[in-house]
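User: I am new to reading protein models and would like to go through one slowly with you. Could we begin with what it means for residues to pack against one another?

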Amino acid sequence: MNNTNDIFNTEFSRQYDASNKRLSPIADNLHFLISLLVRDLPRDAQILCVGVGTGTEILRLAEAHPGWRFTGVDPSPDMLAVCTEKLAQRGVAARCDLIVGYINDVPPVAKFDAVLCLLVTHFIQHPERQGIYQHMAQRLIDGGQLIVAEIGGDMAAPEFDERLKSWTAIQELTSQQQKSPEEVKALLNQRLLLLPPEKTAALITGAGFSLPHCFFQSLLIYAWQAKKASSAA
């Protein structure tokens, strides 16, 4: 994985939620759909959040499901510091364990009913990316749910530059700074590795999951749901 600690430092972490609030219509839709997909999990479900950041997904699910327990892992101690404060403020910290590190720092015991990995995997260089799905499968019970969202797309496709115009508008809204599509594309190349959606689906399936269902798309953001096959390691 790229070293993202230089990005998610103290200053960035403190401003992260305020910046993302400008994109709340997109985030609210994504999290609403996630809440529907996981609503039938057991009353005492164990949830693993990979790249948990400031804890948005934990807070949304913990309040709706008071019996669920959460494990969050993130390589940025600054992001987790903000997450810790928010969990304490909302009174759910006692049901949450936070780990500074990566998914391989979570004990590889198949005990989680669901794994959420939201807007993380695009930081991982291919072919290393399949490894994160394998790690998630190892930590899920048979039939456990994977929910993953990432920025994706085929940057070599002729139509990508046209789609990039809308993505540039989103980046301008978030940063409150004027940007050109060329600048945004260069930043995507520098910081992220975008894969065509069909490649991501193939990586998920290859890691021992059912054929993933793409349940959400907003510009370059895609989200999938899949279940761990009983034969997965």
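Analyst: Two residues are said to be in contact when heavy atoms of one lie within 4.5 Å of heavy atoms of the other. Please keep in mind that this is a predicted model. In this structure, the buried residues of α2 pack against α3 (56-64), β4 (112-118), β5 (140-151), β6 (213-218) and β7 (221-227).

User: Which residues of α2 are buried, and why do they line one face of the helix?

Analyst: A residue counts as buried when its relative accessible area is under 20%. In α2, that description applies to L30, H31 and I34. Looking down the axis of α2, one finds these buried residues within an arc of 90 degrees, so they line one face of the helix. The helix itself covers residues 24-37, which makes 14 residues, and from its first C-alpha to its last it reaches 20 Å, close to the 20 Å expected at 1.5 Å a residue.

User: How many helices and strands does the protein have, and what radius of gyration does it have?

Analyst: There are eight helices and seven strands in the protein. A compact globule of 233 residues would have a radius of gyration near 17 Å, and the protein has 17 Å, which agrees with that expectation. Its C-alpha atoms fill a box of roughly 50 × 40 × 30 Å along the principal axes, and buried residues make up 47% of the 233 residues. Among contacts with a separation of 6 or more, 75% are between residues 24 or more positions apart.

User: How should I read a pair of aromatic rings, and how many aromatic pairs are there here?

Analyst: A pair of aromatic rings is described by the distance of the centres and the angle of the planes. Planes under 30 degrees apart count as stacked, over 60 as edge-to-face, and the rest as tilted. The count here comes to two aromatic pairs. One of them joins W68 and F70, with 6.4 Å from centre to centre and 50 degrees between the planes, and this pair is tilted. In the pair of Y222 and W224, the ring centres are 6.0 Å apart and the planes stand at 15 degrees, so the pair is stacked. As for their surroundings, W68 is buried with a relative accessible area of 1%, F70 is buried at 1%, Y222 is buried at 6%, and W224 is buried at 4%.

User: What is T71 in contact with, leaving aside its neighbours within four places in sequence?

Analyst: T71 belongs to strand β2 (residues 69-74), and with a relative accessible area of 7% it is buried. Once those neighbours are left aside, T71 is in contact with I47, L48, C49, D97, I99 and F112.

User: Where is there a cis peptide bond, and which residues have a positive phi although they are not glycine?

Analyst: The cis peptide bond joins H126 and P127, with omega at about 15 degrees, and P127 is found in the loop between β4 and α5 (129-138). Q176, which is not a glycine, has a positive phi of about 60 degrees; Q176 lies in the loop between α6 (160-175) and α7 (181-191), and at 52% relative accessibility Q176 counts as exposed. L219, also a residue other than glycine, has a positive phi near 55 degrees. L219 sits in the loop between β6 and β7, and with a relative accessible area of 34% L219 is partly exposed.

Terms used. Residues are numbered from 1 along each chain as its sequence is written. This is a predicted model: local features need pLDDT of at least 70, side-chain atom pairs count only at pLDDT 80 or more; totals for chains, interfaces and linings use all residues. Side-chain values use heavy atoms; hydrogens and water are left out. Helices (H or I, at least four residues) and strands (E, at least two) are DSSP runs, numbered from the N terminus. The expected span of a helix is 1.5 Å times one less than its number of residues. Buried means under 20% relative accessible area, exposed over 50%, partly exposed in between (1.4 Å probe, protein chains only). The arc is that of the directions from the helix axis to the C-beta atoms. The radius of gyration is taken over C-alpha atoms; the globule rule is 2.2 Å times the number of residues to the power 0.38. Rings of Phe, Tyr and Trp (its six-membered ring) pair if their centres lie within 6.5 Å; planes under 30 degrees apart count as stacked, over 60 as edge-to-face and the rest as tilted.
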